[in-house]
Amino acid sequence: MDMETSRLSLKAITTNMGKQLVRFPITFFYEQEISYVTDWPSNALKAQLPFYLENLATGQTNLGFGPWFVHTKYEQEMVGDIFIRQTAPQAAQAELFFHIREEMAGKRYEEEAIVSICDWLLQQGVDTIHAFCKPHEAEKQQVLTRCGFHKLGQVEGLVQFRTYGQLLPADGL
């Protein structure tokens, strides 16, 4: 499952991609035709991948409700990843976590990717999207606010944001 914006390509990680990323990360970059970097995948993604792959294999989740990797459309540079977790099967709510490589921060790739993913979620019938980041991640909090999310407060050590049914347009950022 692929998605494109004016500057980015977003791809949902399939079972084969996930296995390759876990076992042979250099091959993953080669197969996806992306410039190899050593600071991706993030530790959070590495930790979540085995659970996601198991859930995907057993039908407990659907493609798209898991990790997506984001890269620049023309330069083929890795930007980062977005992880979508549906709170329950067929639920109208989802949770969003994201990681952008430090080198790519500040270029507004985050907003473009988040708005595109959230638009896709809305098309899937998800009308409430929760996003989370750590309290010290002020830049991520600003990104979520610019995307139309509203800060709710802290939950289990993370800052929680939420949006209902609409976001700012990706090309209007």
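Let's start with Cys-118. Cys-118 is buried, and its relative accessible area is 0%. Keep in mind that this is a predicted model.

So what about a bond for Cys-118? How far away is the nearest cysteine sulfur? That sulfur belongs to Cys-147, and the distance is 7.2 Å. A disulfide needs two cysteine sulfur atoms within 2.5 Å. Cys-118 is in no disulfide.

Next, Cys-133. Is Cys-133 buried or exposed? Cys-133 is buried, with a relative accessible area of 3%. Its closest cysteine sulfur is again in Cys-147. The gap there is 12 Å, so the two are too far apart for a bond. How many disulfides does that rule give in the end? The count is zero.

Now the sheet. Please look at the strands. Eight of them form an open sheet, and the pairing is mixed. What is the order? Read across, the order is β1-β2-β3-β4-β5-β6-β8-β7. Note the end of that list: β8 comes before β7.

Which strands sit at the edges? They are β1, residues 2-4, and β7, residues 150-155. Each of these two pairs on one side only. The sheet also twists. From one strand to the next, the twist averages 25 degrees.

Let's zoom in on one pair. Strand β4 covers residues 78-86, and strand β5 covers residues 93-100. How do β4 and β5 run, parallel or antiparallel? They pair in the antiparallel sense, over seven bridges. Here is a spot to find on screen: Gly-80 stands opposite Ile-100 in β5.

To recap: zero disulfides, a buried Cys-118, a buried Cys-133, and an open sheet of eight strands.

How values were computed:
Residues numbered from 1 in each chain as written. Predicted model: local features only at pLDDT ≥ 70, side-chain atom pairs only at ≥ 80, totals over all residues. Heavy atoms only, no water. Pairing = 2+ DSSP bridges. Helix = DSSP H or I, 4+ residues; strand = E, 2+ residues; numbered from the N terminus. Axes fitted to C-alpha atoms, helices over the stretch in contact; angles between N-to-C directions. Buried < 20%, exposed > 50% of the residue type's maximum accessible area, 1.4 Å probe, protein only.
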